[in-house]
Amino acid sequence: MQGIGQIIPLLLIFAIMYFLLIRPQQKKLKEHQAMVAALRRGDRVITQGGVVGKVTKVKDDDNEIEVEIASGVNVRVVRSTIATVLNKTEPAK
């Protein structure tokens with residue numbers, strides 16, 4: 001009986017850590033993956049490096065997209081480095 005009493009605070013600390021740290025982080029990761037998967041041509045994005053540009057090409061087979069950062073200047077960016085989508089284009093009907 002005394003052994004269970006010593007384990008309960010440890011389990012309680014683990015439960016609190018799960019609900020305050022691990023679970024919100026997993027939710028944020030799923031939201032980011034959904035945002036990156038929904039990228040379309042014409043979306044304005046910000047990369048994790050702070051570069052703002054417009055998506056010009058989405059490559060499904062690779063894990064890359066092409067972003068135009070200035071007129072005629074295109075860079076290839078890994079999808080997971082997209083931090084924010086500023087303006088979303090409407091899907092084609």
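Which residues does Glu 64 touch, not counting residues up to four places away in sequence? Glu 64 touches Val 58, Lys 59, Arg 76, Val 77, Val 78 and Arg 79, where contact means heavy atoms within 4.5 Å. This is a predicted model, in which local features need pLDDT of at least 70 and side-chain atom pairs count only at pLDDT 80 or more, while totals for chains, interfaces and linings use all residues. Residues are numbered from 1 along each chain as its sequence is written, and side-chain values use heavy atoms, with hydrogens and water left out.

**Sheet**

- Five strands (DSSP runs of E, at least two residues, numbered from the N terminus) form an open antiparallel sheet in the order β4-β3-β2-β1-β5.
- The edge strands, β4 (73-78) and β5 (82-87), each pair on one side only; two strands pair if DSSP finds at least two bridges between them.
- On average, neighbouring strands of this sheet are turned by 45° against each other, direction ignored; axes are lines fitted to C-alpha atoms.

**Strand β1 and its partners**

- In a regular strand, side chains alternate between the two faces of the sheet.
- Along β1 (residues 44-47), Val 45 and Thr 47 point to one face and are buried, whereas Arg 44 and Ile 46 point to the other and are not; buried means under 20% relative accessible area, exposed over 50%, and partly exposed in between (1.4 Å probe, protein chains only).
- Three bridges join β1 to β2 in an antiparallel arrangement, with Ile 46 opposite Val 52 in β2.
- The hairpin of β1 and β2 has four residues between the strands, and Gly 50 in the turn has a positive phi of about 95°.
- Four bridges pair β1 with β5 in the antiparallel sense, and Thr 47 stands opposite Ile 82 in β5.

**Strands β2 and β3**

- Strand β2 (residues 52-58) is joined to β3 by four bridges and runs antiparallel to it; Lys 57 stands opposite Glu 66 in β3.
- Glu 64 lies in strand β3 (residues 64-70) and counts as buried because its relative accessibility is 19%.

**Helix α1 and the nonpolar patch**

- Leu 12, Ile 13, Ile 16, Met 17, Leu 20, Leu 21 and Ile 22 form a nonpolar surface patch with about 670 Å² of accessible area together.
- Patches are made of residues with over 30% relative accessible area and no salt bridge, joining like charges within 9 Å and nonpolar side chains (Val, Leu, Ile, Met, Phe, Trp, Tyr) within 5 Å; a salt bridge is a side-chain nitrogen of Lys or Arg within 4 Å of a carboxyl oxygen of Asp or Glu.
- Leu 12 lies in helix α1 (residues 2-37) and is exposed, with a relative accessible area of 52%.
- Leu 21, also in helix α1, counts as partly exposed at 48% relative accessibility.

Definitions and conventions:
Accessible areas come from the Shrake-Rupley method with a 1.4 Å probe; for residues, only the protein chains shown count as cover. Axes are lines fitted to C-alpha atoms, for helices over the stretch in contact, and angles run from 0 to 180 degrees between N-to-C directions.
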